[in-house]
Amino acid sequence: MFDKLSHGGIGNKMSKVTRKVAFPRVVNVDDLRRLAQQRLPKAVFDYLDGGADGEVTLRENCRAFEDITFRPRNGVAIENCDLHTRVLGHDLSFPAMLAPVGYSRLMDPGGEVSAARAAGAAGTGYILSTISGHKLENVKAGSTGPVWYQLYLLGGREVAEAAIARARQAGFSALVITIDTAVAGMRERDPRNGMKQLLSGSLFSKIPFLPGILAHPRWLASFLLDGGVPRLENIVIPGRGPMQLIDVGAALARSTVTWEDLRWIRAVWSGPIVVKGVLVADDAKRAVDEGAAALVVSNHGGRQLDCVSASVRALPEVAAAVNGRAEVLMDGGVRRGSDIVKAACLGARAVLVGRAYAYGLAAAGEAGVARALEILRNDVERTFRLLGCPAIAELNSSYVEVSSKALWKTQTP
């Protein structure tokens with residue numbers, strides 16, 4: 001399918017898809033979300049859109065940006081606005097990368113390959129989730145930009161070492177270790193929608209949930225033409241082959257990443273290591289002491305432990321604790337370019353965007369991801385010009401004010 005997408009033989013189809021997400025039909029990320037909701041069955045959309053438990057952190061990730069207001073320098077004319085930033089030695093066109101999003105191939109057959117290709121075309125990087133339906137070699141080959149591999153220890157160390165070796169051989173430039181997934185969070189929308197039954201189980205168990213699938217014939221046709229439920233091509237179990245997608249929940253409970261694992265990983269991976277899932281100063285300091293080149297301030301998009309701090313609220317504490325010893329990234333709740341600028345003011349070298357581009361992928365495949373990136377980059381540049389700031393290198397906390405009602409922590413404990 002991807003060879004077809006990259007050739008001119010379906011140019012008319014691609015043009016039609018591109019028009020679907022073009023201005024003015026799609027003005028912002030929420031417009032992409034609306035299109036994704038229309039195209040996807042409820043079970044698949046809610047997997048993408050939902051969070052853990054009462055979804056308090058899911059909502060707060062976005063709302064917390066409202067507690068940050070700008071302090072612009074007006075009366076400033078900026079001829080050239082320099083949005084370029086450098087992350088782990090890679091030049092990015094603007095301070096955002098695509099975060100790892102599992103099960104992407106359920107949202108669109110292009111999945112991870114399409115997202116990586118769009119990221120490279122936009123001059124930025126992509127992070128591939130272990131829980132992916134396309135081989136990591138194909139994902140790396142699809143992008144002209146930097147690609148990192150996000151590692152879960154699904155299947156044990158032997159399986160993880162094989163994936164690390166493949167990532168090294170394919171040219172992945174960094175390894176991302178997620179530390180906040182001791183077990184999968186309770187995402188209450190999934191059992192209500194029968195996500196497990198739809199992915200596996202008997203035909204009888206699927207019957208109550210089939211009307212929601214059949215109501216989306218275009219998605220269903222593309223899903224079936226792509227072979228149905230994909231296996232996890234980068235978790236290859238000896239003697240069994242790629243892991244079944246449905247096995248992930250149980251496998252996560254047996255594969256908690258610890259600080260001791262980080263030492264082992266350092267021994268088998270010579271490139272930079274990024275620790276994702278840091279929310280407090282103690283973990284930030286520990287990660288740096290264990291050799292992390294970068295940290296991601298993240299609560300897993302509100303999908304793990306509910307009622308933890310919004311990522312942008314935790315960002316100043318982590319940045320202060322790191323104190324320049326490692327690069328600091330952030331993800332969670334980013335829906336506008338102004339959110340990216342606010343995070344940069346508070347200490348983030350760049351942000352990772354997840355749902356913002358996944359909505360685009362679900363709405364229109366690669367064209368949707370490209371549109372999401374275009375929206376965010378244009379937002380960032382407009383924000384810089386209105387702030388009177390000519391370059392990201394000159395951005396600092398003096399350009400923002402944090403609401404005193406928000407009880408933000410800006411110093412290390």
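Begin with the whole chain in view: in this predicted model, residues 24 or more positions apart account for 73% of the contacts in the protein that have a separation of 6 or more. With everything still displayed, you can find 20 helices and 14 strands. The radius of gyration is 21 Å, close to the 22 Å that the globule rule gives for 413 residues, so the protein is as compact as a globular protein of that length. Turned along its principal axes, the C-alpha trace spans about 65 × 50 × 40 Å.

Before zooming in, you may like to switch on a surface, whose accessible area comes to about 17,400 Å², with 53% of that belonging to carbon and sulfur atoms. Beneath that surface, 58% of the 413 residues count as buried. If you colour by charge, the 50 positive and 41 negative charges have mean positions that are 4 Å apart.

**First stop: helix H7**

Select residues 111–121, which make up helix H7. Of its 11 residues 10 are buried, so the helix is largely enclosed by the rest of the structure. Among the buried residues are Glu112 and Arg117, along with Val113, Ser114 and several alanines including Ala115 and Ala116. Step just past the end of the helix to Gly123, where the backbone takes a positive phi of about 80°.

**Second stop: Gly155 and a hairpin**

Move next to Gly155, in the loop that lies between strand S6 (147–151) and helix H9 (157–170). Gly155 is partly exposed, with a relative accessible area of 43%. If you also mark Gly142, you will see that the two glycines, although 13 residues apart in sequence, are 26 Å apart in space from C-alpha to C-alpha. Leaving out residues up to four places away in sequence, Gly155 touches Ile237 and Met243.

Those two contacts lead to the next selection, strands S8 (residues 232–237) and S9 (residues 241–243), which run antiparallel and are joined by 3 bridges. Within this pairing, Val236 stands opposite Pro242. The two strands form a hairpin with 3 residues between them, and Gly239 in the turn has a positive phi of about 80°.

**Third stop: Arg303**

Now select Arg303, which sits in the loop between strand S11 (294–297) and helix H18 (311–322). Is this arginine buried or exposed? Arg303 has a relative accessible area of 9% and is buried. Its C-alpha atom is separated by 4.3 Å from that of Gly51, a residue 252 positions away along the chain. When you display the contacts of Arg303 and set aside its neighbours within four places in sequence, you will find Tyr47, Leu48, Gly50, Gly51 and Ala52, together with Gly185, Arg187 and Arg355.

**Last stop: strand S13**

Finish at strand S13 (residues 350–353), where Ala350 and Leu352 point one way while Val351 and Val353 point the other way, and all of them are buried. Add strand S4 (residues 96–98) to the selection, and you will see that S4 and S13 pair in the parallel sense over 3 bridges. Here Leu352 of S13 is the bridge partner of Met97. Then add strand S12 (residues 327–331), which also pairs with S13 in the parallel sense over 3 bridges. In this second pairing, Asp331 stands opposite Leu352.

Methods: Residues numbered from 1 in each chain as written. Predicted model: local features only at pLDDT ≥ 70, side-chain atom pairs only at ≥ 80, totals over all residues. Heavy atoms only, no water. Helix = DSSP H or I, 4+ residues; strand = E, 2+ residues; numbered from the N terminus. Rg over C-alpha atoms; globule rule 2.2 N^0.38 Å. Buried < 20%, exposed > 50% of the residue type's maximum accessible area, 1.4 Å probe, protein only. Contact = heavy atoms within 4.5 Å. Areas by Shrake-Rupley, 256 points an atom, 1.4 Å probe, with all protein chains shown as cover. Lys, Arg positive; Asp, Glu negative; His and termini not counted. Charge placed at Lys NZ, Arg CZ, Asp CG, Glu CD. Pairing = 2+ DSSP bridges.
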